[in-house]
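Student: I have a model open and would like to go through the terms used to describe it. Can we take them one at a time?

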Amino acid sequence: MNSRFAMYILKRFIMAALTVFLVVAITFFVMHAIPASPFSSEKAKSDEVIAALEAKYGFDKPVPVQFLNYLKNILRGDFGLSTKWIGSTVSELIAGGLKYSVVIGLMAAALAIAVGVLLGSLAALQRGRLLDKVIQVVTTALVSMPSFVIATLLLIIFALKLKWAPTMATQEGGMVLPVISLSLYPMAYVTRLERSAMLDVLGQDYIRTARAKGLKSSRVIFKHALKNSMGPVITYAGPMMASIIVWSMVVENIFSVPGLGRLFVNSMLRTDYMMIMGITIVLATLIVVMNFLADVLYKVMDPRINLS
């Protein structure tokens, strides 16, 4: 690793850390700007009881003091106590939801990239032919359909009508439909990116030179064209994970997945401020980390990228 690359990684890391800090600050102060107390909606609570609860959770201190204490706590992985799930910490509940959300998200991302790169490459190699046209029509249709629409259709067709899959993710084989629902949109987008990138690479001089030297077509495609066409796909990896995380909040509710998406929706309905802040920060951090890794991996895959 040369000094320029190390400096590039350091700059990206600092930007990622600043982004996470801004998310923490904005989330904290927006939640504390809400005039009502998180306990004011509870029935049969006197002012004295509400004051005692606010003192227990540290809400009675000045907001700047609360913010500094919150920063110290989250650096230790402590997001505080839930105000609605009594007796449970936010960190414990988030950890329980992550077990499902991470598995579904990674499986959906892997499926989207693998199938998208394959279909995009095939479409480029069969440019203008029937297979290329079919792939373009299907991917255009999938890109125009939000994940929650796809999830609802899959649930109705394969779970309720055909009964090929369970309706709940906690049942055996229940992860299949949520993963497919979250992967179809990014898969279609990756297909279109890979097709365009592959067509551009196949038109480069070094590809024509390799073929003129008599190299096998398969070697030209897999060793040269495919590797050099992956740049846009890697760049899209960060935003892709963001879209999967966003749509998982709806998809997890459709398939009753006990993940972060469903937990976030329930915390919004129950006005659990501590849970809302914790989940928002965790999800934002995951997105920032994925973008950071995508930037670094893109540079590793293509050394020609300008490090400035």
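Student: Which helix does Pro-232 lie in?

Tutor: Pro-232 lies in helix α10, which covers residues 231–254. Keep in mind that this is a predicted model.

Student: Why is Pro-232 called partly exposed?

Tutor: The relative accessible area of Pro-232 is 32%. Buried means under 20% and exposed means over 50%. The value for Pro-232 falls between these cut-offs, so the residue counts as partly exposed.

Student: What is Pro-232 in contact with, leaving aside its neighbours within four places in sequence?

Tutor: Leu-193 and Ala-197. Contact requires heavy atoms within 4.5 Å. For Leu-193, the C-alpha atom is separated from that of Pro-232 by 6.5 Å, and the two residues are 39 residues apart along the chain.

Student: How do you know that the span of α10 is close to the expected one?

Tutor: α10 has 24 residues, and 34 Å is expected at 1.5 Å a residue. From its first C-alpha to its last, α10 reaches 34 Å. There is nevertheless a bend of about 40 degrees in α10 at Ser-248. Just after α10, Ser-256 has a positive phi of about 55 degrees.

Student: How does the span of α4 compare with the expected value?

Tutor: With 36 residues, α4 reaches 50 Å, close to the expected 52 Å. α4 bends by about 35 degrees, at Leu-98.

Student: Why is α4 called oblique to α11?

Tutor: The two helices, residues 90–125 and residues 260–269, pack at about 135 degrees, with axes 8 Å apart. Angles over 145 count as roughly antiparallel and 65 to 115 as roughly perpendicular. An angle of about 135 degrees fits neither range, so α4 is oblique to α11.

Student: Which residues meet where α4 packs on α11?

Tutor: On the α4 side they are Leu-93, Ile-94, Gly-97, Leu-98 and Ser-101; on the α11 side, Leu-260, Gly-261 and Leu-263. Leu-98 is thus part of this contact and also marks the bend in α4.

Student: What makes three residues of that contact polar?

Tutor: The contact divides into five nonpolar, three polar and no charged residues. Gly is counted among the polar residues, so Gly-97 and Gly-261 join Ser-101 in that class.

Student: How many helices and strands are there in the chain?

Tutor: There are 12 helices and zero strands. Of the 308 residues, 41% count as buried.

Notes. Residues are numbered from 1 along each chain as its sequence is written. This is a predicted model: local features need pLDDT of at least 70, side-chain atom pairs count only at pLDDT 80 or more; totals for chains, interfaces and linings use all residues. Side-chain values use heavy atoms; hydrogens and water are left out. Axes are lines fitted to C-alpha atoms, for helices over the stretch in contact, and angles run from 0 to 180 degrees between N-to-C directions. Helices (H or I, at least four residues) and strands (E, at least two) are DSSP runs, numbered from the N terminus. Angles under 35 degrees count as roughly parallel, over 145 as roughly antiparallel, 65 to 115 as roughly perpendicular and the rest as oblique. Buried means under 20% relative accessible area, exposed over 50%, partly exposed in between (1.4 Å probe, protein chains only). The expected span of a helix is 1.5 Å times one less than its number of residues. The bend at a residue is the angle between axes fitted to the seven residues ending there and the seven starting there.
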